[in-house]
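Q: I would like to go through this structure with you. Could we begin with the contact between the chains?
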Amino acid sequence: MNPFELVRFAFGAIIAHPMRSVLTSLGVVIGVAAVVIMTSIGLGAQTQVTNAISGLGSNLIIVMPNFQRGPVAQAAGGGFSLRDSDVEAIQKQVQNVAAVAPTVRGQVQLASDGANWNTRIEGVTPDYLEARDLSVTQGRMFDEREARQGRKVLVVGATVARELWGDSDPVGRRVRVRAVPFEVIGVLESKGQAGFGQDQDDVVLAPLSAVRSRITGRRSRGDAVQTIYVKAVSDSTLDQVQEEVTNLLRDQHKIRQGEDDDFQTQNMASILEASQTAIKTFTLLLAAVAGVSLVVGGVGIMNIMLVAVTERTREIGLRMALGAKRSDVLIQFALESVALSLVGGLIGLGIGALGAFGIAKLGNWPAAVPAWAGPLALGFSVAVGLVFGAYPSWRAARLDPIEALRRE
Amino acid sequence: MIEIEDLKKVYVMGEEQVPALAGVTLSIQRGEYVAVIGHSGSGKSTLMNILGGLDRPSSGAYRFEGEDVAHFSDNQLADFRRRRIGFVFQSFQLLPRLTALQNVELPMIYAGLPPRDRRARAAELLERVGLGARKGHRPTQLSGGQQQRVAIARSLANRPDLLLADEPTGALDTKTSEDVLKLFSELNAEGLTLAIVTHDPDVANVAHRRITFRDGLVISDEHGEARP
């Protein structure tokens, strides 16, 4: 017989009890919706972390003092174990380096034209832009000479520009930084939010020596550096650069074999990889938990299919008397179960997509339903329908037509 | 058309063996109108089930137009029922969800007839049994006599060689019983072979041949025209 007719039989039976069919597929609806939402939350987390980490710059190695070192080292270096001499050594001796950017940081109050803003100040060299993949949209960056001289100039982030001067051009404005007058010479290109709500545009850049002498100088030695950004020329040289920097700095700091480093290097690529792996595992776990509700939904379908086989025993007997093969009966009931599950899966997919969209809108979280979620969810619902419809369908097909016709 | 030789059927109930047919030999020719008579438990229903391919004998031979039905597989029996047999039941056995027309279409769906053809044939059959105006009615909207006529139309759908009716008037009043029996006589007159199981002598007297069963055996086999 025509297989399409069996599909018609199956849908006919489902439509005959609309309320019951809806309630039966509810388990699968919830299961599929949960899997879709969990997966998209997980993917959102992945996007979030990737943006946050790659926002720091590509092919980047971050060198920082090691604060975990013992109290003696703390006393000696005051937490500022990196020096200008380290930066020069890296520039001269390490191969495949595109840029080396030493920085010192501080939190400062800015005042200009009657407006106030509290922000982060970074004392940097011109190489900082290349190391961090930044660029200047208005005005210009300070050059090597200005940096060396410690000129009191600022390149401001987009947020700072907006907060202090609104829409008008910040270039040429005078700003007081802790009562020291600076001149704005450029505006950074906006990088937007990093992950976890951190605003990457809420920053001002100034020459390293100017920040040292005017802002952080009182608390540290004149040649101390807080963070050194080392940018490798390519992804493939990243590990080699990291190793060479580490060896060089151990040399510079006269650290003997077996002693702990007084600095640490972080490779952005490996951090990214590690966090992505963690999030993937986490997403899989979430989806698996949600998948349990799919199994519960399947049991609900099996239950109703067993009821249906009992209720329709006479119908099954009649169909056999009219010439239906056992396989026809088996397929009819299996299709009915798959159809119940599949309809539930479709509704669940819709609800899941809506839910993910809602989370993205309301929760400000980049939750996105991946393209493969559709086929996957539907594949799962077909599988659930088949697995849990198998036993009831088999029972229907095994009925003795004479017994079945006699049943009240 | 039908040849049965020493047919036996034994049901096993726990440790007891209950013989339903104890060695039946008979033949039915094409175009005959047979009534199978007997008390309940006489074996007449068992014989009908075997004749219709719903059940297999424990031993003995059953040939239908030369085919060895006794040794058919489940799938062969399903084919045999679909192509050769039309069933009419005491309780009509119509599917309540379907209209009269859809009920008549059902056997033709299993036969693989295209929708247009089977709809046309179902409509034609409903006209034939006098229900042309009730094609869209569901079984609950029809009287008992009308339901049984829908069932008869359904039994004719795949042009069977043999129509088997099991107490076809058992659930009907006298007037509608007469209508149904008249329809059977007309169908027989058109050449259809009929076998009716009944315990009602009035029904049996319409047939041209009366086979009486007792304790799983044929005790009489009378040929002759319908009695008045």
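A: Certainly. This is a predicted model, and the rule finds four salt bridges across the interface of chain A and chain B.

Q: Which residue does B:Arg97 meet in a salt bridge?
A: The partner of B:Arg97 is A:Glu315, with 3.3 Å from N to O between the side chains.

Q: And how many residue pairs are in polar contact between the two chains?
A: The count is seven residue pairs, with both residues at pLDDT 80 or more.

Q: Which elements of chain A give two or more residues to the side that touches chain B?
A: They are α1 (3–16), α11 (313–321), α12 (326–362) and α14 (401–406) of chain A. By residue class, that side of chain A divides into 12 nonpolar, 11 charged and three polar residues.

Q: How many residues does each chain bring to the contact?
A: Chain A provides 26 residues and chain B provides 22 residues.

Q: What area is buried there?
A: About 2,200 Å² is buried between chain A and chain B, and carbon and sulfur atoms give 58% of that area.

Q: Changing topic: how is chain A divided into domains?
A: Domain 1 covers 3–52 + 274–406, and domain 2 covers 67–261. Taken over C-alpha atoms, the centres of these two domains of chain A are 56 Å apart.

Q: What about confidence: what does each chain average in pLDDT?
A: Chain A averages 86, with 94% of the residues scoring at least 70. Chain B averages 92, with 98% of the residues at 70 or above. For the model, ipTM is 0.94 and pTM is 0.74.

Q: Which element of chain A has the lowest mean pLDDT?
A: That is helix α3 (residues 71–77) of chain A, at 44, whereas α11(A) has the highest, at 95. Over residues 70–78 of chain A, pLDDT stays under 50, and the model has four contacts beyond four places in sequence for that stretch. Where pLDDT is low, predicted coordinates should not be read in detail.

How values were computed:
Residues numbered from 1 in each chain as written. Chains lettered and ligands numbered in written order. Heavy atoms only, no water. Domains from an automatic or database assignment. Contact = heavy atoms within 4.5 Å. Buried area = accessible area lost by both parts, 1.4 Å probe. Polar contact = N/O pair within 3.5 Å; in protein donor to acceptor, adjacent residues only side chain to side chain. Helix = DSSP H or I, 4+ residues; strand = E, 2+ residues; numbered from the N terminus. Nonpolar A, V, L, I, M, F, W, Y, C, P; charged D, E, K, R; others polar. pLDDT = per-residue confidence, 0-100.
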